[in-house]
Amino acid sequence: MRKPVYLDYAATTPVDPAVAERMAECLTLEGRFANPASRSHLYGWQAEEAVELARLQVAELINAEGRELVWTSGATESDNLALKGMMQASGSGHLVVSAIEHKAVLDAADWLEKQGYAVTRLTPDSTGQISVDSVAAALRDDTRLVSIMQVNNEVGTLNDVAAIGALCRDRGVAFHVDAVQAAGRVAIDVQAMNIDLLSLSAHKMYGPKGIGVLYVRRGLSPRPAAQIHGGGHEQGLRSGTLATHQCVGMGAAAELARQRLVNEPAAIAALRDRLWDGIRDLPGVRLNGHPEYRSCSHLNVGFAGQDGETLLMALRELAVSTGSACTSATLEPSFVLRAMGVPDALAHSSLRFSLGRFTTEEEIDHAIGHVCQVVTSLSQATA
Ligand SMILES: *Cc1c(COP(=O)(O)O)cnc(C)c1O
C-alpha cells in the first residue's frame with residue numbers, strides 16, 4: 001500500500017536531505033559537537049564558528065545582520081519573547097494583534113491581558129487580510145507593539161506588512177511580524193518593510209523542529225525583556241546552550257530557501273493551481289482566502305454540504321488537515337475562517353491542502369482523482 005500523499009506542508013516540512021547532512025556533521029566527536037560557548041579549546045571554537053555562520057545565513061534570508069538574531073526553540077518561543085518581552089519592557093500599555101494570528105501570538109496576548117495590559121484584536125476582511133486602515137485606527141497614544149503575521153497559516157493570505165511597517169515606524173510603535181509561513185515562499189526584507197521584530201521557525205522551511213529565531217532590530221528601544229534566564233547567552237535575551245546541529249540545520253535551510261526563492265514558489269503555485277482547477281467544479285466547492293494575494297503553498301477549500309471530519313477520514317490517500325494542527329483536536333470550526341465571516345457550516349466543511357518542495361505533478365493528479373471520487377460518493381450517500 002502506498003503512503004498517503006503528503007499535503008500538510010503548512011503543519012511541518014520534511015528536512016531537506018542536504019540540510020540533514022549538514023546537521024549530522026555536528027553531532028559526533030569527529031564533527032562540531034562541542035558547546036559553542038566553550039571558549040577554551042578548538043572544539044568549542046569550531047562549534048561557535050558553525051553557529052555564527054548559520055546565524056549569518058538566516059540573517060541573509062531576511063536582510064538582517066547576524067547580531068540582530070536571537071536563537072530560540074521555535075517560533076512559539078519567538079512570538080512569546082516578542083510579545084511578552086516588549087510589553088514587559090514597557091511595564092504597561094496597549095498591544096495590537098490580528099484575530100487570526102497563530103495561537104502562539106493569541107495566547108500570549110490573552111496572558112498579557114490578564115496581567116493588566118490592554119489588547120486590541122483586529123478582524124480581517126473576508127479574504128483573511130488585515131487592512132492598514134484598521135491598524136491605523138487601532139493605534140493609541142500608549143500602543144507599544146503591533147503584531148501582524150505576513151502569511152496566515154490556515155488560508156495562506158498575505159498581509160501588506162510593508163505598509164503596516166511604514167505606518168508603525170511613522171507612529172513610533174514597534175512592529176512584530178510572525179513570518180513563519182512566509183519564509184521561502186515570499187520575500188522578507190526587515191529593512192525595506194520597517195520591521196522591528198520577526199519570528200521564524202526552521203521546521204516550516206525544510207529545517208529541523210525545535211529551533212527558530214527572533215529578529216530584534218539593532219537600535220530597537222526598549223529591548224524585549226528576557227523570558228528565559230540562565231547563562232546570559234544571546235546578548236542576555238535567551239539563555240541556554242545553543243544546539244549546534246539545530247542552528248546549523250536552520251542556517252542551511254535558510255541558505256537553500258534564499259537560493260530557491262527565485263523559482264520554487266512559482267513551481268509550487270503552478271501545482272497548487274493545478275489542484276484547484278481539478279476540484280473547483282465539484283458541487284459546493286469554495287475557495288477560502290484571497291484568490292491571488294496568497295502564499296504558493298496554501299489551498300483552503302470549503303466543501304459545502306460535507307462534514308469536514310468525515311471528509312478528512314474518507315480522504316485516506318491524502319495527508320491533509322482541517323486547518324492548523326494545534327486546533328484540529330477540537331470540534332470547533334476554525335477561528336480563522338470564523339473571523340473571516342465564513343459561515344459555521346462551511347467552516348466545518350473546510351480542508352487545508354498545503355504543498356511544498358517535494359510535491360510532484362503525479363501526486364497532485366492522484367489527489368485530484370481521489371478528492372473527486374470521495375466527494376462524489378459522499379454526496380450520493382447524503383443525497
Ligand atoms: C508553526 C507556526 C508557529 C509555531 O512555530 P513552532 O516552531 O512550531 O513553535 C508560529 N506561527 C505560525 C504562523 C506557524 O505556522
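Me: In this predicted model, which ligand atom lies 2.6 Å from a polar side-chain atom of Asp178?
Reply: Asp178 places a polar side-chain atom 2.6 Å from the ligand. Asp178 is also listed among the closest residues of the ligand shell. The ligand atom at the other end of this 2.6 Å pair is a nitrogen.

Me: How much of the ligand's own accessible area does the protein cover?
Reply: On its own, the ligand has 380 Å² of accessible area. The part of that area covered by the protein is 88%.

Me: Which residue has a side-chain N or O atom 2.6 Å from an oxygen atom of the ligand?
Reply: Two pairs involve oxygen atoms of the ligand. One of them uses a backbone N or O atom of Ala75, at 2.9 Å, so a side-chain pair must be sought elsewhere under the N or O criterion of 3.5 Å. The side chain that supplies an N or O atom at 2.6 Å is that of Thr76.

Me: Which helix gives the largest share of the shell around the ligand?
Reply: The shell holds 13 residues, with Thr76, Asp178, Ser201, His203 and Lys204 the closest. The largest share is three residues, and it comes from the helix spanning residues 75-90, which is α3.

Me: How many residues of the ligand shell are polar by class?
Reply: The shell includes three nonpolar residues and three charged ones. The remaining class, polar, has seven.

Me: Is His203 buried or exposed?
Reply: His203 lies in the loop between β7 and β8. Its contacts, leaving out residues up to four places away in sequence, are Ala11, Thr12, Thr13, Pro208 and Lys209. The relative accessibility of His203 is 18%, and the cut-off for burial is under 20%, so His203 counts as buried.

Me: With which side chain does the side chain of Asp8 make a polar contact?
Reply: Asp8 sits in the loop between β1 (5-6) and α1 (17-24), and at 13% relative accessibility it counts as buried. Beyond four places in sequence, Asp8 touches Ala319, Val320, Ser321, Arg352 and Ser354. The polar contact, at 3.5 Å, is with the side chain of Ser321.

Me: What distance separates the C-alpha atoms of Val342 and Ser126?
Reply: Val342 is found in the loop between α10 (335-339) and α11 (344-348), and it is buried, with a relative accessible area of 4%. Leaving out residues up to four places away, Val342 touches Arg286, Asn288, Leu337 and Ala347. Val342 and Ser126 are 216 residues apart along the chain, and their C-alpha atoms are separated by 7.5 Å.

Me: What distance separates the C-alpha atoms of Gly369 and Val51?
Reply: Gly369 belongs to helix α12 (residues 361-382). At 39% relative accessibility, Gly369 counts as partly exposed. Gly369 and Val51 are 318 residues apart along the chain, and the separation of their C-alpha atoms is 46 Å.

Me: Which residue is joined to Ser221 by a cis peptide bond?
Reply: Most peptide bonds are trans. Here omega is about 0°, in the bond that joins Ser221 to its partner. That partner is found in the loop between β8 (212-216) and α7 (244-260), and its name is Pro222.

Me: What is the phi of Asn63?
Reply: Most residues other than glycine have a negative phi. Asn63 lies in the loop between α2 (42-61) and β2 (69-72) and is partly exposed, with a relative accessible area of 33%. Asn63 is not a glycine, yet its phi is positive, at about 60°.

Me: Where is Asn194, which has a positive phi of about 55°?
Reply: Asn194 is not a glycine, although its phi is positive. Its place is in the loop between β6 (174-178) and β7 (197-201).

Me: What is the radius of gyration of the chain?
Reply: The chain has twelve helices and twelve strands. For 383 residues the globule rule gives 21 Å, and the chain comes close to this, so it is as compact as a globular protein of that length. Its C-alpha trace spans about 70 × 55 × 35 Å along the principal axes. The radius of gyration is 21 Å.

Me: What percentage of the residues in the chain is buried?
Reply: The accessible surface of the chain comes to about 15,700 Å², and carbon and sulfur atoms hold 52% of that surface. Of the 383 residues in the chain, the buried part is 56%.

Technical notes:
Residues are numbered from 1 along each chain as its sequence is written. This is a predicted model: local features need pLDDT of at least 70, side-chain atom pairs count only at pLDDT 80 or more; totals for chains, interfaces and linings use all residues. Side-chain values use heavy atoms; hydrogens and water are left out. Helices (H or I, at least four residues) and strands (E, at least two) are DSSP runs, numbered from the N terminus. Buried means under 20% relative accessible area, exposed over 50%, partly exposed in between (1.4 Å probe, protein chains only). Contact means heavy atoms within 4.5 Å. A residue is near a molecule or strand if one of its heavy atoms lies within 4 Å of it. A polar contact is a pair of N or O atoms within 3.5 Å; within protein, one must be able to donate a hydrogen and the other to accept it, and residues adjacent in sequence count only if both atoms are side-chain atoms. Accessible areas come from the Shrake-Rupley method with a 1.4 Å probe; for residues, only the protein chains shown count as cover. Ala, Val, Leu, Ile, Met, Phe, Trp, Tyr, Cys and Pro count as nonpolar, Asp, Glu, Lys and Arg as charged, and the others, Gly among them, as polar. The radius of gyration is taken over C-alpha atoms; the globule rule is 2.2 Å times the number of residues to the power 0.38.
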